[in-house]
Amino acid sequence: MPSAAASAAHPAATGRGPVATGGRMEEEEEEDGGRGAAGSQTAASGRFVRCLYAVGFLDLFGVSMVVPLMNLHIKSLGASHTVAGIIGSLYGIMQLFSSTFVGCWSDIVGRRYSLLACILLSALGYFLLGTSTTVFLFALSRVPVGIFKHTLSISKALLSDLVSERDRPLVMGRFNAASSVGFILGPVVGGYLTELEDGFYQTSFICACIFLLNAGLVWMLPWSEENTGNREHQQGNKETGSFSAKANRDLHLKSTTNGAMASDSLFQSPWIQVATVLKRIKGIACSDLWDIFLVRLLMSVAILLYYNNFSLALEERFGVKPLFAGYLMSYSSALGVLAGCLLGPITRLYQHNTYRLLLHSSTLTCTLILLYASALSIWMVVLSSTFLAFSTTIGRTCIIDLELTIGGNEASGTLLGVGQSVTSVGRIVAPLLSGIAQEFSPCGPPTLGVGLALVAILIMNANKEKYCSRGNVKLKNP
């Protein structure tokens with residue numbers, strides 16, 4: 001009987017064995033399928049992000065070829081210093097008002113079409129610049145560029161759509177680094193080309209061609225592959241690499257919603273699109289984000305006060321030639337690229353606490369500007385410039401990440417556009433404040449910058465709970 005019972009129990013046990021084994025095999029196959037889908041999605045996102053790095057590099061490479069030569073060209077056309085200043089201010093004013101609208105428009109019609117439109121219309125502006133033989137044509141060429149030159153802002157919004165919140169500072173830092181490399185190399189190439197006959201016109205045409213190349217790159221980006229990778233990974237429901245399951249579910253929902261919105265909104269009448277843009281901007285204006293934008297404004301003005309009249313201040317204080325100041329600024333730009341590449345280890349060191357990293361980088365920036373203002377030798381200036389390149393690069397990336405974290409990713413284009421408008425206000429205000437402060441002392445502008453940075457630090461400390469709660473500010477959607 002025991003043997004019979006055992007023999008009876010054995011088939012039952014053996015019957016359960018294959019079922020259990022089959023269940024485990026099915027689970028393992030599902031896990032392997034989830035990992036495969038996650039790997040496909042991660043690879044697709046990686047290709048997409050690397051292509052956007054190239055877009056940022058080409059954008060600033062083309063722009064920096066032309067911008068340093070523009071003042072010389074407009075003066076060669078017979079314009080006075082006042083007229084040249086007015087045209088330069090016109091570009092800044094157009095950027096001030098257009099960045100918010102274009103960023104919000106990209107939320108409505110989709111990143112692909114808005115990015116292509118901005119690049120192509122900017123190419124038109126630089127093509128007109130290459131044909132500008134009068135001051136009027138020169139001013140006219142700045143209009144499309146002033147309104148639509150928002151390639152970097154839309155690219156950052158697209159990056160924010162693609163990556164998880166945890167990886168956003170790292171990806172933004174690398175994007176800024178790639179763009180900065182273009183900004184470093186562009187003036188060298190532009191300076192060489194301008195030595196040729198009709199060098200400015202040739203440089204402008206080459207810049208327009210670079211923008212057309214950039215538009216082609218954007219058109220060929222793997223948009224459908226990216227959406228397919230998101231859908232595949234949604235089925236996996238596993239955390240792999242830098243993309244968590246929750247982040248990918250959010251990413252899938254976001255990409256699906258944005259795709260449907262883009263396909264519908266692209267064919268809406270312009271008036272409906274304008275009304276939607278205005279409603280979204282009103283939602284930003286009614287939200288509790290004023291302190292973040294105020295911190296961005298104060299820190300932008302403080303840094304601009306440091307760089308404004310930098311060469312003149314060094315000559316007056318230490319008797320160094322402008323060439324040395326140029327080398328020092330190039331050295332700082334190169335260090336800024338390095339800082340962008342190091343954002344990943346730095347954010348991991350801070351356990352991805354953007355607020356704490358922003359507070360510490362702003363405090364370091366304030367201290368270094370104070371060191372520059374009180375420097376007794378040129379080597380103290382070199383020391384402050386070395387570390388300032390790191391603190392300002394980290395601070396710019398962190399303030400953008402904090403805007404998107406607290407404001408919400410659903411309106412990333414609008415938030416980045418408003419932030420760009422805030423920075424444009426700083427570019428308009430800083431030269432005026434610098435001129436007034438320098439009437440009193442060559443150290444006046446950086447000293448004023450220290451005061452503004454201190455105010456920004458106090459605002460961040462006063463709103464510490466909101467920054468640390470992450471995402472408690474809700475925008476009013478239309």
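Which helix holds H73? H73 is found in helix 1, and we will come back to its neighbours after a look at the whole chain. Please keep in mind that this is a predicted model.

## The chain as a whole

The fold is built from helices: there are 19 of them, and 0 strands. Of the 478 residues, 49% count as buried. Contacts that reach across the sequence are plentiful here, since among the contacts with a separation of 6 or more, 83% join residues 24 or more positions apart. The accessible surface of the chain comes to about 22400 Å², and carbon and sulfur atoms account for 67% of that surface.

## H73 and V102, two buried residues

Back to H73 in helix 1. This histidine counts as buried because its relative accessibility is 6%, under the 20% cut-off. Leaving aside residues up to four places away in sequence, H73 touches S132, F138, F200 and Y201.

V102 offers a second example, this time in helix 2. With a relative accessibility of 7%, V102 is buried as well. What does V102 touch, not counting residues up to four places away in sequence? The partners are C118, I147, H150 and I154. For one of them, C118, the separation from V102 is 16 residues in sequence, while the C-alpha atoms of the two lie 8.7 Å apart in space.

## Salt bridges

Side chains of opposite charge can pair when their charged atoms come close. In this model the count comes to 5 salt bridges. Three of them are set out below.

| Salt bridge | N to O distance |
|---|---|
| K149 and D59 | 2.8 Å |
| R111 and D161 | 2.8 Å |
| D401 and R168 | 2.6 Å |

Let us start with the bridge between K149 and D59. This pair links distant parts of the chain, 90 residues apart. K149 sits in the loop between helix 4 (135-148) and helix 5 (151-162), whereas D59 belongs to helix 1 (residues 2-76). Are these two partners buried or exposed? K149 is buried, with a relative accessible area of 10%. D59 is buried too, at 0% relative accessibility.

The next bridge brings R111 and D161 together. R111 lies in helix 3 (residues 111-129) and D161 in helix 5, so the pair ties together parts that are 50 residues apart in sequence. Both R111 and D161 are buried.

In the third bridge, D401 meets R168. D401 is in helix 16 (residues 378-407) and R168 in helix 6 (residues 168-193), with their positions 233 residues apart in the sequence. D401 and R168 are both buried.

Which residues are joined into one network by salt bridges that share partners? They are D107, R111 and D161.

## Helix 2 against helix 17

D107 also takes part in a contact between two helices. Helix 2 (residues 81-109) packs against helix 17 (residues 412-438) at an angle of about 175°, and their axes are 6 Å apart. Angles over 145 degrees count as roughly antiparallel, and helix 2 and helix 17 are therefore roughly antiparallel to each other.

From helix 2, the contact is made by G92, I93, Q95, L96, S99, T100, G103, C104, S106 and D107. Helix 17 contributes S412, G413, T414, G417, V418, Q420, S421, S424, V425 and I428. How is this contact made up by class? It has 6 nonpolar, 13 polar and 1 charged residues.

## Two loop residues with positive phi

Finally, two residues are worth a look for their backbone angles. D198 has a positive phi of about 55° although it is not a glycine. D198 is found in the loop between helix 6 and helix 7 (199-219).

Q351, also not a glycine, has a positive phi of about 55°. Where is Q351 placed? Its place is in the loop between helix 14 (343-349) and helix 15 (354-373). Q351 counts as exposed because its relative accessible area is 67%, over the 50% cut-off.

Terms used. Residues are numbered from 1 along each chain as its sequence is written. This is a predicted model: local features need pLDDT of at least 70, side-chain atom pairs count only at pLDDT 80 or more; totals for chains, interfaces and linings use all residues. Side-chain values use heavy atoms; hydrogens and water are left out. A salt bridge is a side-chain nitrogen of Lys or Arg within 4 Å of a carboxyl oxygen of Asp or Glu. Helices (H or I, at least four residues) and strands (E, at least two) are DSSP runs, numbered from the N terminus. Buried means under 20% relative accessible area, exposed over 50%, partly exposed in between (1.4 Å probe, protein chains only). Axes are lines fitted to C-alpha atoms, for helices over the stretch in contact, and angles run from 0 to 180 degrees between N-to-C directions. Angles under 35 degrees count as roughly parallel, over 145 as roughly antiparallel, 65 to 115 as roughly perpendicular and the rest as oblique. Contact means heavy atoms within 4.5 Å. Ala, Val, Leu, Ile, Met, Phe, Trp, Tyr, Cys and Pro count as nonpolar, Asp, Glu, Lys and Arg as charged, and the others, Gly among them, as polar. Accessible areas come from the Shrake-Rupley method with a 1.4 Å probe; for residues, only the protein chains shown count as cover.
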